[in-house]
Amino acid sequence: MQVNMSEEKAEINPSESTLYSLFCRAAENKGQAVFFADEYEKCSGEESLEKVTCLAGGLLALGVNQGDRVAFICGSSVRHILFYFACQHIGAIPCALHLRNTAAGISKTLKWLDASLLVIDKKYREIAHAGLADENTNIPLVILDGAHIDEEEIGYRELCEHSDPADLSVELDPDAPAKIILSSGTTGEPKGVVHSQRTLYESAMAGTEVFGNITPDDSVLVIMSPSFAAWNHVTLAYIARSASVVFNNIFDPELFLSTLESEQITDTALVPTAWRRVVANLSENRDLSKLKLAFFSGEPGTPEFIRLMQQRLPHCEVRTAYLTSEGGVASACIADPEVLSKNIASVGKPVSMAEIRIVEENGEIEDEVAKGETGEILVRGKSMALEYWDNKELSEKKFISGWWRSGDLGRLDDNAYLSIEGRA
């Protein structure tokens, strides 16, 4: 069974269909208002654009060029997001490594990526050096949140303040790789999900369908690590609409609640496990009157959990979605309050530019099952990834004629709402 929400295809000027052009427009629109913030610093739109161009010049000075991979081991922060867009500026490809990696794992991943630079938070200095030394991986190391200690390290401030700004007129190919997301799914070695400037652009632009109306007056609190696809799904969607993005680099329920309150956050997203801890710590004296969206994804939400969220946060819209590293936001299914009122166990319907097909578990992409039957979920949409990094065999197996085989099992009900039934 297949659902296609819209046959209309929006005409987009290819010269504008890049993630970096989207960032530049958003930063200019934000102007002197706060664009990015974390516990330690705030950055306006104008300042963000200036620092990104300086960091891009620093990357070029370090020998990082278009197509080169830049690896990150860090939490969410203002400095990370600026470095992320500095990579986009020159066409380098950022890839955030998982934070609980071993030195051997770091070394193996850096070799696999053939990375040209490693950017870290200082608390990961010891394991990063161990990873670099494991197989004599000789690449520069940048410390985001502190001065460098020895000649093998480069400080963020040094790089930002002593580099010539890169040329803003750089031309980027919309279909060139722009991001590698490490995704291991439920089992196996990490897969490198390769997204292009265009697929990330489309993912960002589809954000209002998943997260609701987003305006420049809104603010979103992001606590997930940049190594997770959810970081891209949420952060880029709010940047696209010139909203303010506030980062916490750890999850603590009390810190989360105090940041919602002090920063007057309007929208935020967590997995259900984290939301349960938040609402358990929610007291009556907390002023969360500005919060209008409580979003969850990443793991199933039971009907009991959704009712709990609606009860504890009655002034918020509770939304969920079926989102994947490969599919991005423009290939998502969304369950808004209206959908949840009809089928509280559903993850909803495809967004306007996405298609969902349910096929026989071991069948071909044409072997659709009848309505209501369970099968493998196939996804197609404008934000679909290009391929898996350095894995032609898996890419050909999973990406077929624009469709991506998810490996997830699901079914469509009489209203064409998707429910997740597990893994194949």
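Which elements cover the buried residues of helix 4? In this predicted model, the cover of those residues includes strand 4 (69–73), strand 5, strand 6 (117–120), helix 5 (125–134) and strand 9 (177–183). The buried residues of helix 4 are Gly105, Ile106, Ser107, Thr109, Leu110 and Leu113. An α-helix has 3.6 residues a turn, so residues three or four places apart point the same way.

The two ends of helix 4 were examined next. Thr102 is located in the loop that runs between strand 5 (93–96) and helix 4 (103–113). Its relative accessible area is 46%, and because this value falls between the limits of 20% and 50%, Thr102 is classed as partly exposed. Gly131 is 29 residues from Thr102 in sequence, and the C-alpha atoms of the two residues are 7.7 Å apart in space. At the other end, Asp114 comes just after helix 4 and belongs to the loop between helix 4 and strand 6. Asp114 is not a glycine, yet its phi is positive, at about 55 degrees.

A positive phi also occurs at Gln264. Most residues other than glycine have a negative phi. For Gln264, likewise a residue other than glycine, phi is near 50 degrees. Gln264 is placed in the loop between helix 10 (253–262) and strand 13 (267–270). With a relative accessibility of 32%, Gln264 is partly exposed.

Strand 4, one of the elements that cover the buried residues of helix 4, contains Phe72. The relative accessible area of Phe72 is 1%, so this residue counts as buried. Residues up to four places away in sequence being left out, Phe72 is in contact with His80, Phe83, Tyr84, Cys87, Pro94, Cys95, Ala96, Leu97, Leu118 and Val119. Between the C-alpha atoms of Phe72 and Asp121 the separation is 8.6 Å, with the two positions 49 residues apart along the chain counted as their distance apart. Val119, one of the contacts of Phe72, is also paired by distance with Ile154: their C-alpha atoms are separated by 9.3 Å, and the two residues are 35 apart along the chain. Ile154 is part of strand 8 (residues 153–155). Ile154 has a relative accessible area of 15% and is therefore buried.

Another buried position was found in a loop. Asn343 lies between helix 13 (337–342) and strand 17 (349–350). The relative accessibility of Asn343 is 17%, and Asn343 is therefore counted as buried, the limit being 20%. Apart from neighbours within four places in sequence, the residues in contact with Asn343 are Asp413, Tyr417 and Ser419.

Helix packing was examined for helix 11 (residues 272–280) and helix 12 (residues 303–312). These helices pack at an angle of about 40 degrees, and their axes are 11 Å apart. The crossing of helix 11 with helix 12 is left-handed. Helix 11 contributes Pro272, Trp275, Arg276 and Val279 to the contact, and helix 12 contributes Phe305, Leu308, Met309 and Arg312. By class, six of the residues in this contact are nonpolar and two are charged, with no polar residue.

Empty space within the structure was then considered. Rolling a probe the size of a water molecule over the atoms shows where empty space is left. The search of the whole structure gives one cavity of 30 Å³ or more. The volume of the largest cavity is about 50 Å³. Its lining is made up of Ile181, His195, Leu200, Ser203, Asn232, His233, Leu236, Ser325 and Gly328. Helix 7 (197–205) and helix 9 (229–240) are the elements that supply two or more residues to this lining, and helix 9 has the largest share, with three residues. By class, the lining of the largest cavity has three nonpolar and six polar residues, and no charged ones.

The second largest pocket has a volume of about 390 Å³. There are 16 lining residues in this pocket, and those closest to its centre are Asp38, Tyr40, Ser77, Asp145 and Asn249. The lining of the second largest pocket is divided into five nonpolar, four polar and seven charged residues.

Note on methods:
Residues numbered from 1 in each chain as written. Predicted model: local features only at pLDDT ≥ 70, side-chain atom pairs only at ≥ 80, totals over all residues. Heavy atoms only, no water. 1 Å grid on protein atoms, 1.4 Å probe; cavity = no way out; pocket = protein on both sides within 12 Å on 5 of 7 lines; lining within 4 Å. Points joined across faces, edges and corners; volume = space filled by probe spheres on them. Nonpolar A, V, L, I, M, F, W, Y, C, P; charged D, E, K, R; others polar. Axes fitted to C-alpha atoms, helices over the stretch in contact; angles between N-to-C directions. Helix = DSSP H or I, 4+ residues; strand = E, 2+ residues; numbered from the N terminus. Left-handed = near helix turned anticlockwise from the far one by under 90°. Contact = heavy atoms within 4.5 Å. Buried < 20%, exposed > 50% of the residue type's maximum accessible area, 1.4 Å probe, protein only.
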